[in-house]
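Subject: Handing over the structure

Hi,

Here is the structure I promised to pass on. Have a look at it first, and then read on for my notes.

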Amino acid sequence: MALASRIGSSSSQCFCSEMRGRETRRAHGNLNRMSWALRMDWAGRKMGRRAVVVAASPPTEDAVVAAEPLTKEDLVGYLSSGCKPKENWRIGTEHEKFGFEFGSLRPIKYEQIADLLYGLAERFDWEKVLEGEHIIGLKQGKQSISLEPGGQFELSGAPLETLHQTCAEVNSHLYQVKAVAEEIGIGFLGIGFQPKWALKDIPIMPKGRYDIMRNYMPKVGSLGLDMMFRTCTVQVNLDFSSESDMIRKFRAGLALQPIATALFANSPFTEGKPNGYLSMRSHIWSDTDNNRTGMLPFVFDDSFGFEQYVDYALDVPMYFIYRKKKYIDCTGMSFRDFLAGKLPSAPGELPTLNDWENHLTTIFPEVRLKRYLEMRGADGGPWRRLCALPALWVGLLYDEVSLQNVLDMTADWTQEERQMLRNKVPMTGLKTPFRDGLLKHVAEDVIKLAKDGLERRGYKETGFLNALSEVVRTGVTPAEQLLELYNSKWVQCVDHVYEELLY
């Protein structure tokens with residue numbers, strides 16, 4: 001059932017209290033529809049460790065354990081093993097979304113998410129992923145579904161060749177989720193920051209690594225818990241052919257990441273009110289944990305390469321290691337010490353490549369290097385923008401002419417300018433002053449380069465940029481559109497966003 005029939009149009013009264021009073025839906029009666037016998041049957045099966053997210057390259061299998069102790073050269077070799085010829089480059093798209101109960105609009109509880117996961121597994125033939133007795137995700141081929149700390153529902157897509165394929169994958173996923181979710185009285189919202197509920201209202205998911213992070217975050221920044229429990233993003237993972245190709249794409253991605261943040265800015269509300277930002281999600285990363293976030297100025301040094309990223313990652317404090325199906329708290333400790341067998345919480349223990357792979361997932365810069373590059377600067381949003389984000393970066397980075405044009409355009413940008421954009425864009429978006437104009441003018445050039453790059457690819461993919469072309473043409477970000485609705489049609493009631501951005 002669509003929300004519109006329950007929300008009304010421009011009522012002068014916030015509709016949430018009315019909804020609570022009259023809306024019972026079928027949620028409570030359906031929460032326990034999935035057979036407990038089925039659950040216990042699956043819980044009793046022998047499961048390996050938690051599935052690692054598959055993106056543009058397959059993860060290292062858990063069984064791969066080095067016969068000799070790992071060296072720094074092994075860690076460098078792990079990153080360089082991501083190099084692949086252009087004909088093998090793929091597109092891996094990931095997105096997160098907020099679940100909520102129809103009627104109350106409250107964040108969904110783990111039990112509801114478990115019912116959704118079991119329902120998807122039953123109806124659409126996904127393989128269940130368990131941690132202990134809890135279902136925490138699904139796998140199907142090279143796609144996976146996982147839970148973020150506050151129950152944000154994430155699809156990590158398969159590595160695909162074209163944007164048509166990745167957009168079809170997103171559409172199929174959203175169809176499946178909607179089909180099962182509506183039966184249990186829940187929906188999903190495409191936005192970058194939780195618009196209505198406080199931290200205390202967000203359920204905590206039963207995943208061991210998140211307990212460790214939840215305890216550590218307040219020690220290293222004031223907004224880390226908000227990052228964990230109240231943000232959603234869309235990102236794309238892209239390949240490289242060589243170390244030099246990786247460097248060029250890394251630099252282009254970092255320089256232009258604030259433009260992506262502006263184009264996708266979609267998180268202007270906190271606890272029911274405007275928060276003063278267009279991308280609250282992006283602002284939150286500025287005070288989450290400065291040891292593992294940011295614009296990585298060393299990437300622009302002449303000496304940068306795989307080894308320099310390894311040196312950086314070795315000194316990013318660890319979160320955990322995983323042994324005997326348990327997470328061991330290693331917060332604040334060094335992977336360098338781990339490499340030498342001197343980890344205080346696991347003395348004598350030596351790392352495997354899987355430990356290294358896990359550690360790399362706990363580093364959160366604006367662009368992240370694994371065996372592929374992750375573009376991490378965008379807010380979550382509705383389905384059109386889930387397809388637009390990979391279109392932007394594929395057009396810029398997978399076409400040699402566009403990539404070189406980006407590098408030429410940004411070559412004289414200083415570290416201070418890049419950081420200024422990173423700091424200011426979350427608040428002022430495309431209206432951020434830059435040199436003798438506005439960031440909007442740079443964004444116009446960037447969208448043109450992306451479109452040209454997609455045209456040269458020859459797959460007729462430029463239509464996926466239409467949503468962004470409109471943002472650049474008007475200079476109005478998605479967040480500013482929401483604020484306009486909030487102050488007019490919605491009569492300053494944020495609850496209407498659950499209709500506006502419902503998947």
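Let me start with a contact that is easy to look up: the side chains of Arg-106 and Asp-201 form a salt bridge, with 3.6 Å from N to O. Arg-106 sits in the loop between strand 1 and helix 6 (110-124), while Asp-201 sits in the loop between strand 6 and helix 8 (208-220), so this pair ties together parts that lie 95 residues apart in sequence. Are the two partners buried or exposed? Arg-106 is partly exposed, at a relative accessible area of 32%. Asp-201 has 18% relative accessibility, and because the cut-off for buried is under 20%, Asp-201 counts as buried.

Before you go further, please keep in mind that this is a predicted model.

Now the overall picture. The protein chain has 503 residues, and 61% of them are buried. Its secondary structure comes to 21 helices and 17 strands. If you take the contacts between residues at least 6 apart in sequence, 76% of them join residues at least 24 apart. As for the outside, the accessible surface is about 19400 Å², and carbon and sulfur atoms account for 51% of that.

The element I'd look at next is strand 1, residues 91-101. How many of its residues are buried? Eleven of eleven, so to speak the full run. Both faces are covered. One side carries Ile-91, Thr-93, His-95, Lys-97, Gly-99 and Glu-101, and the other carries Gly-92, Glu-94, Glu-96, Phe-98 and Phe-100.

Which strands does strand 1 pair with? Here are three partners to click through:

- Strand 7 (residues 233-238) pairs with strand 1 in the antiparallel sense, over five bridges. Gly-92 stands opposite Asn-237 there.
- Strand 5 (residues 153-156) also runs antiparallel to strand 1, and four bridges join the two. His-95 has Leu-155 as its bridge partner in strand 5.
- Strand 6 (residues 186-189) is antiparallel to strand 1 as well, again with four bridges. In strand 6, Gly-187 is the bridge partner of Phe-100.

Back to salt bridges. Searching the whole structure turns up 33 of them. Another one to look at is between Lys-72 and Glu-307, where the closest N and O atoms are 3.0 Å apart. This pair links distant parts of the chain: Lys-72 belongs to helix 5 (residues 72-80) and Glu-307 to helix 12 (residues 306-315), which puts the partners 235 residues apart. Lys-72 is partly exposed, with a relative accessible area of 22%. Glu-307 is partly exposed too, with a value of 40%.

The Lys-72 and Glu-307 pair does not stand alone, either: Lys-72, Glu-307, Asp-311, Asp-315 and Arg-336 are linked in a network of salt bridges. Displaying those five side chains together is a handy way to see it.

One last pair for your list is Glu-182 and Lys-178, which form a salt bridge with their closest N and O atoms 3.9 Å apart. Glu-182 is partly exposed, at a relative accessible area of 22%, and Lys-178 is partly exposed as well, at 36%.

That's what I have so far. Over to you!

Cheers

Technical notes:
Residues are numbered from 1 along each chain as its sequence is written. This is a predicted model: local features need pLDDT of at least 70, side-chain atom pairs count only at pLDDT 80 or more; totals for chains, interfaces and linings use all residues. Side-chain values use heavy atoms; hydrogens and water are left out. Buried means under 20% relative accessible area, exposed over 50%, partly exposed in between (1.4 Å probe, protein chains only). Contact means heavy atoms within 4.5 Å. Accessible areas come from the Shrake-Rupley method with a 1.4 Å probe; for residues, only the protein chains shown count as cover. Two strands pair if DSSP finds at least two bridges between them. A salt bridge is a side-chain nitrogen of Lys or Arg within 4 Å of a carboxyl oxygen of Asp or Glu.
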